[in-house]
Amino acid sequence: MRAALAANGGTFAAVPQPSSYGRVEEKTKSAYGKVDFKGVLWDKPWTLDAGMRYTKTDTLANAYYVPITAITINPNDTSNSILTYGPLSPISSTGSYGDWLPSANFKLSLRDDLIFRLGLSRTVTRPDLSALSPSTQYTARPTNLTDNTGNATLKPYSSKNVDMGLEWYINDTSYIAAEGFYKKVDDFITTIETNVTILGHPFLQSQPVNLNTATIKGAEFTVNYQFSKLPSPFDGLGTAFNYTFVSSDASINPALINTSKFAIPGIGDSANASGYYEKGPWQVRLAYNWRGKYLSTIAGDEGQPTTVKPYGQLDLSSSYKVNDHLSAFIEATNLTRSVQVWYQVYPNRLDYAEADGMTLTVGVHGKW
């Protein structure tokens with residue numbers, strides 16, 4: 001302990017670890033054009049906007065590489081290894097990609113209160129910067145020697161999207177809408193594991209690559225109704241409801257968790273229901289938000305798939321407008337004090353729980 005303290009200048013100050021350093025720089029150039037059209041189809045007015053965007057991205061990733069020069073079994077703990085490292089050396093990696101991104105949105109007024117919409121587009125989602133860094137981390141268990149590294153040549157995953165829906169406007173403040181959507185995702189980023197040999201020892205190397213494709217489809221139903229025909233002051237009452245169903249052709253089979261696996265994190269149904277009052281200086285809203293179970297990550301702790309259990313919470317917000325310059329408000333989140341729970345593969349294998357409790361905020365807004 002004294003030797004370690006002396007080597008650190010006699011203090012417990014934090015010591016930078018250059019081997020963990022990583023810097024990623026992205027330069028993006030884009031150009032786009034858009035045109036608008038309108039006309040009449042079957043005596044029904046329509047509008048169309050269509051456009052094209054081209055985006056070019058260049059990536060430069062810098063880090064430090066630390067080579068392993070020796071691997072020995074720890075004599076005091078044979079379940080662990082001692083890795084001896086060589087000198088630091090800077091490394092860099094580059095990547096580049098370009099994408100054409102078309103988009104079109106069509107609107108047809110079937111009646112004054114009934115609208116049909118159709119949207120077609122291609123979109124991209126860039127990889128996380130942490131996945132682009134070429135820095136490498138090692139684990140030293142003899143039965144589980146691993147190294148994890150990034151990949152600066154990763155491309156974004158792209159999605160071809162179709163959205164279609166109907167909107168019925170009951171009056172100026174109320175409507176019902178139904179929508180369906182379909183997405184075809186290509187070049188989805190997936191972590192693969194490869195067997196490599198370092199100094200005669202077998203390592204399992206993990207690296208993100210563009211690998212899988214998947215389809216995502218679903219439907220959304222929305223109702224927003226204000227009881228404007230009720231006698232005053234109840235004509236400020238209203239309610240809103242939304243439910244989204246979503247599914248994917250990719251999933252995880254618990255029997256295959258030790259082999260190559262792929263699924264899309266974040267896919268799950270969701271819903272919200274609220275009651276509100278908006279009239280004069282008052283605004284009050286009570287809302288319940290729910291999300292069904294969904295995959296959080298393909299490879300969490302110990303490389304196991306991690307799923308979030310269904311979760312719902314009740315929130316309240318209210319405000320009162322004193323005058324044109326001053327208003328008071330109160331907000332309360334998670335009135336039910338709901339707890340979020342994560343599990344691995346099976347619901348009885350709990351991994352993590354988070355109890356955020358209730359948050360209450362009271363304040364005033366001023367403007368001049």
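1. A residue is called exposed when its relative accessible area is over 50%, buried when that area is under 20%, and partly exposed in between. Asp43, at 71% relative accessibility, is therefore exposed. The points that follow concern a predicted model.

2. The surroundings of Asp43 deserve a closer reading. Asp43 belongs to the loop that links strand S1 (22–41) with strand S2 (44–65). Its phi is positive, at about 65°, although Asp43 is not a glycine. Most residues other than glycine have a negative phi. In the hairpin that S1 and S2 form, two residues separate the strands, and Trp42 takes a positive phi near 55°.

3. The pairing on either side of this turn may be described next. S1 and S2 run antiparallel and are paired over 20 bridges. As an example of the register, Phe37 has Leu48 in S2 as its bridge partner. S2 also pairs with strand S5, again in the antiparallel sense and over 20 bridges. In that second pairing, Tyr65 stands opposite Ser89 in S5.

4. The chain of pairings can be followed further, from S5 to S6. Strand S5 covers residues 89–111 and strand S6 covers residues 114–125; the two pair in the antiparallel sense over eight bridges. They form a hairpin with two residues between them. Within this pairing, Lys107 has Arg117 in S6 as its bridge partner. S6 is joined in turn to strand S9 (residues 157–169) by 12 bridges, and these strands also run antiparallel. Gly119 stands opposite Asp163 in S9.

5. A salt bridge is found by the S5 and S6 hairpin residues Arg111 and Asp113, whose side chains meet at 3.0 Å, N to O. How far are these two side chains open to the surface? Asp113 has a relative accessibility of 24%, so it counts as partly exposed. Arg111 is likewise partly exposed, because its relative accessible area is 46%.

6. Over the whole structure, a search finds seven salt bridges. One of them joins Arg285 to Glu278, with the closest N and O atoms 3.6 Å apart. Arg285 is partly exposed because its relative accessibility is 31%, and Glu278 is partly exposed because its value is 36%. Another joins Asp324 to Lys321, at 3.6 Å from N to O. Here the partners fall into separate classes: Asp324, at 55% relative accessibility, counts as exposed, whereas Lys321, at 44%, counts as partly exposed.

7. A nonpolar patch should also be noted on the surface. Trp282, Val284, Tyr320, Val322, Leu326 and Val364 form this patch, which has about 520 Å² of accessible area together. Val364, one of its members, lies in strand S21 (residues 359–366). At 60% relative accessibility, Val364 is exposed.

8. Two further backbone features merit the student's attention. Most peptide bonds are trans. The bond from Ser232 to Pro233, however, is cis, with omega near 10°. Pro233 is located in the loop between strand S11 (201–226) and strand S12 (237–248). The other feature concerns Leu199, which has a positive phi of about 55° although it is not a glycine. Leu199 lies in the loop between strand S10 (175–198) and S11. Its relative accessibility is 49%, and Leu199 therefore counts as partly exposed.

9. Finally, which residues does Thr153 touch from its loop between strand S8 (144–149) and S9? Leaving aside neighbours within four places in sequence, Thr153 is in contact with Thr94, Gly95 and Asn210. Its side chain also makes a polar contact with the side chain of Asn151, at 2.6 Å. Thr153 is partly exposed, because its relative accessible area is 42%. Leu314 is 161 residues from Thr153 in sequence, and the C-alpha atoms of Thr153 and Leu314 are 44 Å apart in space.

Methods:
Residues are numbered from 1 along each chain as its sequence is written. This is a predicted model: local features need pLDDT of at least 70, side-chain atom pairs count only at pLDDT 80 or more; totals for chains, interfaces and linings use all residues. Side-chain values use heavy atoms; hydrogens and water are left out. Helices (H or I, at least four residues) and strands (E, at least two) are DSSP runs, numbered from the N terminus. Buried means under 20% relative accessible area, exposed over 50%, partly exposed in between (1.4 Å probe, protein chains only). Patches are made of residues with over 30% relative accessible area and no salt bridge: like charges are joined within 9 Å, nonpolar side chains (Val, Leu, Ile, Met, Phe, Trp, Tyr) within 5 Å. Accessible areas come from the Shrake-Rupley method with a 1.4 Å probe; for residues, only the protein chains shown count as cover. A salt bridge is a side-chain nitrogen of Lys or Arg within 4 Å of a carboxyl oxygen of Asp or Glu. Two strands pair if DSSP finds at least two bridges between them. Contact means heavy atoms within 4.5 Å. A polar contact is a pair of N or O atoms within 3.5 Å; within protein, one must be able to donate a hydrogen and the other to accept it, and residues adjacent in sequence count only if both atoms are side-chain atoms.
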